[in-house]
Amino acid sequence: MATRLPSADVEAGLLAHLNTNAEIADSRSFASSLGVPHKELEDVIKSLSAFRIVESSDITKETWVLTNEAKGYAASGSPEVQLVAAIPPEGASKGVLKEKLGDVFDIGMKAAAKNKWIGFEKGNKDLVLRKVEETKDELQEQLKRLENGEVIADKVIDDLKRRKLITKEKSIWYSLKKGPEFVVKRKILATDVTREHLKSGEWKDLEFKGYNYGAHGQPISVGYVQPLLEVRDAIQSIFLEMGFCEMPTNMFVESSFWNFDALFQPQQHPARDSHDTFFLKAPAKTTQLPDDYLEKVKQVHESGGYGSKGYGYDWKRDEAEKNLLRTHTTAVSTRMLYKLAQEKPFAPKRYYSIDRVFRNEAVDRTHLAEFHQIEGLICDYGLTLGDLIGVLEDFFSRLGMSKLRFKPAYNPYTEPSMEIFSYHDGLKKWVEIGNSGMFRPEMLLPMGLPEGVNVIAWGLSLERPTMILYGIDNIRDLFGPKVDFNLIKNSPMCRLGM
Ligand code: FB9
């Protein structure tokens, strides 16, 4: 059994040999001449080659090696021979033989039957009888010859492969010769100066190992920002750069009043039934609605005003009092615009929100029952659709989306409304990237905002851009326990707007 020589001695042995011999043709035989495992010599060869002290060229050979099962047969005979050997002249029951031979029994029975070495009496399939005196264990022989590295006929190889007794093993060894930097004794390069070196003065003739500037630093295990939060931060800084203030969106539970009625969305609008909206059982109703403003909203829904003819239905307070999980952060925009309207004199404002909204929708590759809505709004005198388009061009160009197209759309609370499309070079197609519009006077004037003040607004989701930027195909891989951690680890910081 090859002993473990300190690698220094193996190195010394190798260099000394090469110093006097042109080459080492076969590292395997050289290793056994040193009495060390080939693996140990291999490590020394790799390190000496790295310093070009020796030059090694690989020699590879694929050899058939015995599986552990085959090693068993090579040692104690093939299953079929073991079986026949276990059958006394009067025969033996399968049970007894199975007892004796364990899992060799089945394989042995099949092979022995195939070789017509065994048989059964008429009508007694359990008693196994020997049909031969002598059995020549060709299998064991072939396995042994293989173990000794002898060449075996292809037909035998195929048979052994079929019986899953051999597998292919690639073995590699080396031929070696002096390298351009060959030395008989490698100078151990110092990697740092120690107190001993200084005290002994040895440092004067020390040779130092060069700095390996290409060395990778210690991988540092740090936390990773969830892709959604990464894109949210990027979009948040775009809003802040554009002078927007964040709206407080920490209240997921909202009343139908602020989520729908204040937005001039009629009470029989399909979005207001439980198919689309999660209504609360408890607390089912809100009690904190501003009465005077509520009257005005009732007014405008029922009979209009402010140049509108309204919807002409009888508006119910208790419908407006129903609590729900907000379906859009526009509910927060409504509250903020109402609050702004109470502040005299009117001051223009830019607001944004990025937070969760809830919709009772069928879950599929791009839809969950909740997503993050991004919303921006500007409230000021004389704002026009042109201003909206201008702000959208500015906002989306900072997101790296320059080529925009606008398609007329409909929202109950904006008129005119536009869907926003951008041409995505990666996907080679126009992608719908959001929705927008100018809030209706029926929404703004009952709040008490001055005539002439308009509000332009737009919205998009956080999940869609994150999925596209991170190449995530299914929204379910973005949320919750199934998030692929490596995806987060290996996804570079998303570069927006570049
Ligand atoms: O996010 C959406 N698409 C999108 C956005 C960015 C993006 O970036 C890529 C890196 C390049 C890619 C895609 N959409 C809005 C468009 C569609 O995905 C749409 O099918 C799904 N929409 C959601 C609602 O689904 C029911 C996205 C969500 C959405 C839609 C509208 C608004 C907000 C979110 C709004 C609004 C609005 C309108 C007027 C006034 C105020 C708010």
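Start with the spacing of the domains: in this predicted model, the C-alpha centres of domain 1 and domain 3 sit 69 Å apart. The domain assignment splits the protein chain into domain 1 (1–67 + 165–213), domain 2 (79–136) and domain 3 (228–490).

Now for the ligand. It has 26 residues around it, and the ones that come nearest are Arg359, Glu375, Glu432, Ile433 and Ser461. Three polar contacts are worth a look, and here they are side by side.

| Residue | Atom of the residue | Atom of the ligand | Distance |
|---|---|---|---|
| Glutamate 432 | polar backbone atom | nitrogen | 2.9 Å |
| Serine 461 | polar backbone atom | oxygen | 2.8 Å |
| Arginine 464 | polar side-chain atom | oxygen | 3.4 Å |

On its own the ligand would expose 860 Å², and the protein buries 87% of that. Which elements give two or more residues to the shell around the ligand? They are E11, strand E13 (414–424), strand E14 (429–439), strand E15 (453–461) and helix H18 (463–470). E14 supplies the largest share of that shell, with 7 residues.

On to the aromatics. A search of the whole structure turns up 19 aromatic pairs. One of them joins phenylalanine 239 and phenylalanine 244, edge-to-face, at 5.3 Å centre to centre with 65° between the planes. Phenylalanine 239 is buried, with a relative accessible area of 0%, and phenylalanine 244 is buried as well, at 3%. Phenylalanine 346 and tyrosine 381 make another pair: their ring centres are 5.4 Å apart and their planes meet at 85°, so this one is edge-to-face. It ties together distant parts of the chain, 35 residues apart, with phenylalanine 346 in the loop between helix H15 (330–342) and strand E10 (349–358) and tyrosine 381 in strand E11 (residues 370–381). Is each partner buried or partly exposed? Phenylalanine 346 counts as buried because its relative accessibility is 14%, under the 20% cut-off. Tyrosine 381 counts as partly exposed, at 46%.

Phe239 and Phe244 also turn up in one aromatic cluster, together with Tyr352, Phe395, Phe396 and Trp458. Charges sit over rings too: lysine 178 lies over the face of phenylalanine 182, at 5.5 Å from the ring centre, while arginine 405 lies over the face of tryptophan 430, at 4.0 Å from the ring centre.

Next, the backbone. A cis peptide bond joins lysine 344 and proline 345, with omega about -15°, and proline 345 is in the loop between H15 and E10. Another cis peptide bond runs from glutamate 415 to proline 416, with omega near -10°; this proline lies in strand E13.

Which residues other than glycine have a positive phi near 55°? Arginine 52 is one of them, and tyrosine 306 is another. Arginine 52 belongs to the loop between helix H3 (38–50) and strand E2 (54–66) and is partly exposed, with a relative accessible area of 46%. Tyrosine 306 belongs to the loop between helix H13 (291–303) and helix H14 (317–320), and is partly exposed at 38%.

Last stop, leucine 129. This residue is in strand E5 (residues 124–130) and is buried, with a relative accessible area of 14%. Its C-alpha atom is separated by 4.4 Å from that of glycine 91, although the two residues are 38 residues apart along the chain.

Conventions: Residues numbered from 1 in each chain as written. Predicted model: local features only at pLDDT ≥ 70, side-chain atom pairs only at ≥ 80, totals over all residues. Heavy atoms only, no water. Phe/Tyr/Trp six-rings, centres within 6.5 Å; stacked < 30°, edge-to-face > 60°. Buried < 20%, exposed > 50% of the residue type's maximum accessible area, 1.4 Å probe, protein only. Helix = DSSP H or I, 4+ residues; strand = E, 2+ residues; numbered from the N terminus. Lys NZ or Arg CZ within 6 Å of the ring centre and 35° of its normal. Domains from an automatic or database assignment. Near = heavy atom within 4 Å. Polar contact = N/O pair within 3.5 Å; in protein donor to acceptor, adjacent residues only side chain to side chain. Areas by Shrake-Rupley, 256 points an atom, 1.4 Å probe, with all protein chains shown as cover.
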